[in-house]
Amino acid sequence: MARLQLDFPENQFYFTTQLTVRITDINGANHLANDSMISMISEARARFLYQFGIEEVSEKGVGIIVTDLATTYLREAFARDALIFEVGLMDLNKYGGDIIFRISKASNGELVALAKSGFVFFHFATGKVRPMPEDFRLRFPGVNSIEAESSET
């Protein structure tokens with residue numbers, strides 16, 4: 001069976017934040033549940049965007065939507081573990097790219113998970129994908145770009 005492998009360039013991480021695993025994040029196996037990890041990844045993404053002055057939805061009705069999420073789990077996390085979320089970007093294209101995450105334990109640096117979340121810019125009133133605003137791209141000059149594989153809908 002093929003397994004997902006995530007590999008991120010070291011120089012593409014731009015932001016770090018810490019989140020603590022709550023008792024309500026624990027599943028029946030007594031470790032961090034995958035749905036709670038997704039919520040924590042979403043929170044780290046929101047903090048990253050806020051730090052760089054990027055509105056999730058602008059006054060013009062254009063915002064960022066998540067198109068996919070891939071996560072690999074490398075070890076368990078438990079209630080009250082402080083987790084460090086390193087957040088970055090890669091593979092920008094005409095409409096969006098990938099937000100990347102490296103999640104480790106604050107206490108010892110052990111890697112807990114890697115994740116990447118695809119995103120596009122979206123105009124909510126028209127329901128259509130929009131090209132990435134130039135000011136977004138300018139905030140991250142070191143991020144690689146790839147040819148857009150999808151077309152505007």
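Select R80 to begin. This is a predicted model, and at 61% relative accessibility R80 counts as exposed, because the cut-off for that class is over 50%. R80 lies in the loop between strand 2 and strand 3. Check its backbone: phi is near 75°, a positive value in a residue other than glycine. Most residues other than glycine have a negative phi.

Now select D91. Here, too, phi is positive in a residue other than glycine, near 55°. D91 is found in the loop between strand 3 and strand 4. Is D91 buried or exposed? At 17% relative accessibility, D91 counts as buried, because buried means under 20%. Show both flanking strands as well. Strand 3 and strand 4 form a hairpin with 5 residues between them, and D91 sits in the turn.

**Strand 3 and its partners**

Colour strand 3, residues 82-90. Of its 9 residues, 8 are buried, so strand 3 is largely enclosed by the rest of the structure. Add strand 1, residues 13-20. Strand 1 and strand 3 run antiparallel and are joined by 7 bridges. To find the register, pick L19: its bridge partner in strand 3 is L83.

Next, add strand 4, residues 96-105. How many bridges pair strand 3 with strand 4? There are 8, again in the antiparallel sense. Pick F85 here; its bridge partner in strand 4 is I103. When you turn on side chains, follow them along a strand: in a regular strand they alternate between the two faces of the sheet.

**The largest core**

Keep L83, F85 and I103 on screen and add F136. Of the 32 residues in the largest nonpolar core, these four touch the most other members. Which elements give two or more residues to this core? They are strands 1, 2, 3, 4 and 5, together with helix 1. Strand 2 covers 62-73 and strand 5 covers 111-123. Now select helix 1, residues 34-51. Helix 1 supplies the largest share of this core, 6 residues.

Zoom in on L83. Leaving out residues up to four places away in sequence, L83 touches T17, Q18, L19 and V21. Its list of contacts also includes L32, M40 and A77. Show I103, S104, K105 and V112 to complete the set. L19 is thus both a contact of L83 and its bridge partner.

A second, separate core has 7 residues. Select F8, A70, M90 and I100, which are among its members.

**Zoom out**

Return to a cartoon of the whole chain. The protein has 2 helices and 6 strands. From the N terminus on, the elements run β-α-β-β-β-β-β-α. The radius of gyration is 16 Å, close to the 15 Å that the globule rule gives for 153 residues, so the protein is as compact as a globular protein of that length. Rotate the C-alpha trace onto its principal axes: the spans are about 45 × 35 × 30 Å.

Colour by burial next. Of the 153 residues, 44% count as buried. Then display contacts. Among those with a separation of 6 or more, 69% link residues 24 or more positions apart. Finish with the surface. The accessible area comes to about 8600 Å², and 49% of this belongs to carbon and sulfur atoms.

Key: Residues numbered from 1 in each chain as written. Predicted model: local features only at pLDDT ≥ 70, side-chain atom pairs only at ≥ 80, totals over all residues. Heavy atoms only, no water. Core = buried A, V, L, I, M, F, W, Y, C linked by side-chain atoms within 4.5 Å. Buried < 20%, exposed > 50% of the residue type's maximum accessible area, 1.4 Å probe, protein only. Helix = DSSP H or I, 4+ residues; strand = E, 2+ residues; numbered from the N terminus. Contact = heavy atoms within 4.5 Å. Pairing = 2+ DSSP bridges. Rg over C-alpha atoms; globule rule 2.2 N^0.38 Å. Areas by Shrake-Rupley, 256 points an atom, 1.4 Å probe, with all protein chains shown as cover.
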